[in-house]
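Me: I'd like a close look at one single part of this structure, taken slowly please. Could you pick a strand and walk me through what surrounds it?

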Amino acid sequence: MTDEEKDLEYVMDKYGRTVSGIIASMLGSQSEREDIFQEVFLLYYTKDLFFGDEGSRRSWLIRTAINLCRAANRSPWYRLRNGEEFDPNTVQYTESEPTDERLWQAVCRLKEKYRLPLYLHYFEEIPISDIAKVMGLSEGAVKMRLSRARERIKSELENSRNITETEAEAHERKREREYIIHSRRV
Amino acid sequence: MKEKEKENISYILEGFEPSSELKRRVMERASKLEPGRKTFGYERTTENRDTQKEQITMNAFGTKEATIKRRFPIAVISAAACAALIIGTAAVGLNRNKIEPLKESEPSSTSAEQPPAAKNEESITQNVMNVTVQDGDPYTITDEDRIAAIDALVEQVKQCRVWEGEKVPASRILNYTINGNEHTVEISEERPIPEEYRPESELHPEFCYVITVDGASYIICEMTPGEPYSELYWATGRSGDLFFQRMNDERSSDGYYFDEYNNEPDSRRLRDIIEDIRTNTTPLFETEDVMAWYDYEDKPDWDNVRATCDFNLNGCHYNIEVYSDTDRIVLDVYDWHDGKKHYMIYEASKEQIAELDKVFDSIANSSADTSSQDETDETADSQGTSSGSQSTSSKSSGSQSTSSKSSDTQGTSSKSSGSQSTSSGSQSTSSDSQSSSSGSQTDNNSGDLIRIPDIEGLTEEEAAAALTDAGLNYIVEYWHYDMPAGRVTGYNYAYDDEYGYAPAGTYITIEVSLGEYDGPVEMIKPEHGTGYYPSRESTLEVPLPEGLSGSFTFNVYIGNVENVAYTETVNNAAGVSSFSLDMWEADRGRQVIYAINNNSGNRKLIRYATYEFDYMSGTWTLIGSLNTEGLLNS
């Protein structure tokens with residue numbers, strides 16, 4: 001195995017899940033996701049690239065995955081070629097529980113501008129400053145999208161919560177919700 | 001983070017782990033391709049844009065470990081996730097400690113906040129708190145009472161739980177002397193509460209600050225009695241820092257406008273209006289008890305809020321909310337003088353509402369055209385603001401300004417600039433379409449990287465002007481997106497290293513929204529409004545002008561100029577009346593055709609035509625007109 005191939009293997013091991021998760025949050029079918037996954041890492045392999053640090057390599061992979069997903073979203077060719085129906089919720093859990101599916105489905109129902117920063121931040125633990133760079137947004141804009149995404153996810157999950165809750169629980173959640181919507185900071 | 005939440009995310013992430021078979025396929029395909037060169041390890045600071053050339057060609061294991069941060073709590077589930085609110089129980093005991101002069105005295109300033117003394121002036125000043133911040137200019141606080149109040153809050157922090165975790169970087173550092181003792185207080189960024197520090201509270205606090213007082217660190221959490229979470233942050237804040245949101249703003253990209261920056265004059269005007277309301281109007285409801293506030297049923301409906309503004313003035317914090325369905329306004333005010341937070345609802349007069357809107361307009365306008373705005377005393381005075389004026393330097397932090405940075409390493413890179421694809425009507429996917437057409441970003445060896453301006457939310461024309469002004473080229477791409485039609489949703493380009501910077505002349509793709517797709521509902525998947533519209537194969541016939549000669553290549557790009565989706569080369573255009581592209585296109589998809597004059601030295605992209613596809617009829621409609629002049633003069 002050449003050094004370059006070893007590097008590719010290393011990078012796939014290190015960032016494969018991150019890239020795969022981003023793709024899953026943006027594309028529907030499993031085969032599409034696998035195609036894009038391959039393209040991201042093959043682009044990495046074939047391109048001449050400069051990285052200031054490890055973070056910039058990760059950012060490159062994230063941004064490339066986003067670009068390719070967006071291109072795929074805009075290109076009906078992908079879908080027609082695969083002949084698959086689109087389903088944003090077809091995450092292949094290895095071992096899932098109902099709560100997992102509910103959470104992920106709620107994430108997938110967010111619009112992309114909320115879904116992506118939320119996934120990057122809360123699932124992949126990417127700092128807001130890095131998300132801002134990768135998405136070409138200000139940090140304030142990322143924070144705002146995260147805030148809105150959280151509100152929407154929470155609302156979504158509450159709506160799907162078991163309706164057998166007690167009145168006290170409902171009251172408590174109402175209070176909590178008000179904390180969220182009235183929270184401010186300078 | 002709660003164990004259950006951790007498990008949820010962990011389960012989901014497990015599902016994303018690529019299979020060994022998938023990795024094997026990548027390796028197999030890679031073995032048949034020519035690898036690119038990876039260069040790794042030069043240092044560059046984003047501030048001075050200097051690049052130290054320490055190129056190390058990366059080998060397989062010559063990589064640095066990425067910084068793995070602590071797992072962020074899954075606040076998406078947590079009820080109080082984004083709250084930055086504190087129970088207002090931590091009243092500041094103003095013990096009025098005597099502030100003593102520092103070693104070398106200077107005249108005490110009457111200004112509450114001033115630009116700090118020059119660094120080499122070790123004297124600093126007496127009765128002054130110097131505040132340095134991670135992002136932004138330093139400032140000073142000279143109000144002795146305020147410094148005493150802050151010191152009281154610091155003393156309160158020292159009663160909080162000791163932080164035994166790793167050293168946390170400071171985002172704000174306070175230096176002051178009181179009772180003869182010098183103090184250094186470091187306030188961290190707001191950060192998630194580690195599980196082991198999470199207070200037992202029905203309010204589910206999520207965020208904390210780590211405060212280091214003279215070397216000893218403490219943790220203070222939001223919504224936790226006795227912990228001055230917001231109070232310390234607000235009391236030490238820069239006067240004029242402001243966070244403004246407005247819904248349904250026509251100027252905004254998605255009907256939702258917000259900005260965060262420093263605007264002391266407008267903060268003062270708002271404060272004056274608030275004081276006017278508080279002085280001349282009887283509140284419908286008022287409390288200092290946060291629980292009473294949240295239990296109060298008759299608050300205006302947040303869903304109808306149309307504008308809110310938070311701001312800091314002299315260490316006091318104000319929040320004001322106005323609504324679309326009522327003249328009632330919600331105010332909350334934190335005042336370090338009494339250490340209390342006041343929650344109020346007022347029925348404002350039409351005049352007061354109008355005054356508020358006037359200031360909101362001013363805020364929106366001032367933030368829109370600032371890349372670096374300096375609000376000065378003169379500005380404040382000219383606004384006719386109240387007494388007790390203070391001076392402060394202020395700076396917009398909401399917008400990006402273009403700047404360049406040296407990047408010799410980038411400039412000397414040998415990126416692929418291979419020949420362009422010439423297959424007629426062929427599609428090429430990302431991985432096999434790296435052959436860059438002209439307009440390649442790789443010809444420029446200027447050595448400078450330009451910061452790509454923030455164009456989101458602008459119109460196409462505004463974005464184009466911003467990019468051109470910055471020394472960049474652009475192409476345009478349209479797509480359906482949940483932003484108003486005509487607004488820029490973002491940009492795209494093939495990039496190396498640091499996203500957001502590009503060599504001069506790089507083609508940046510301006511992504512322009514066509515609005516949300518409003519075709520027949522059954523044709524789309526509502527969960528994903530951005531794609532998968534009904535689509536089909538279609539041939540687009542594009543006329544060419546009379547009198548054209550030479551060789552031209554016509555491209556349609558997806559994403560950026562390195563992704564040629566469709567291409568056709570007309571080697572001898574003389575006498576050719578049209579060319580065609582065989583395309584797959586989605587309903588109401590809009591494509592821009594760019595031309596390259598292969599006989600021209602500059603290889604510039606010429607925007608030649610824009611077409612929109614109708615799925616039902618299978619026809620293409622020309623949007624605007626053909627740029628025949630541009631083609632003929634190329």
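Reply: Sure! One bit of vocabulary before we start: two strands count as paired if DSSP finds at least two bridges between them. Also keep in mind that this is a predicted model.

Let's go with strand β18 of chain B, which covers residues 316-323. How many of its residues are buried? Eight of its eight residues are, so the strand is mostly covered, given that buried means under 20% relative accessible area.

You can look at β18(B) one face at a time. On one side you'll find B:C316, B:Y318, B:I320 and B:V322, and these are all buried. Flip to the other side and you meet B:H317, B:N319, B:E321 and B:Y323, which are all buried too. In other words, both faces of β18(B) are covered.

Now for the neighbours. One partner of β18(B) is strand β17 of chain B, residues 305-313. β17(B) and β18(B) pair in the antiparallel sense, over eight bridges. If you want a spot to zoom in on, find B:Y318 in β18(B): B:F311 stands opposite it. The two strands form a hairpin, with two residues between them. While you're at that turn, check B:N314, which takes a positive phi near 55°.

Another partner of β18(B) is strand β19 of chain B, which covers residues 328-335. The pairing between β18(B) and β19(B) is antiparallel as well, this time over six bridges. Here the spot to find is B:H317, which stands opposite B:Y334 in β19(B). β18(B) and β19(B) form a hairpin too, and that one has four residues between the strands.

So how does it fit together when you trace the chain? Start in β17(B), pass the two residues of the hairpin, including B:N314 with its positive phi, and you arrive in β18(B). Run along β18(B), whose eight residues are buried, then go through the four residues of the next hairpin into β19(B). Along the way, B:Y318 has B:F311 opposite it, while B:H317 has B:Y334 opposite it. And those two β18(B) residues belong to opposite faces of the strand: B:Y318 is on one side, B:H317 on the other.

Note on methods
Residues numbered from 1 in each chain as written. Chains lettered and ligands numbered in written order. Predicted model: local features only at pLDDT ≥ 70, side-chain atom pairs only at ≥ 80, totals over all residues. Heavy atoms only, no water. Buried < 20%, exposed > 50% of the residue type's maximum accessible area, 1.4 Å probe, protein only.
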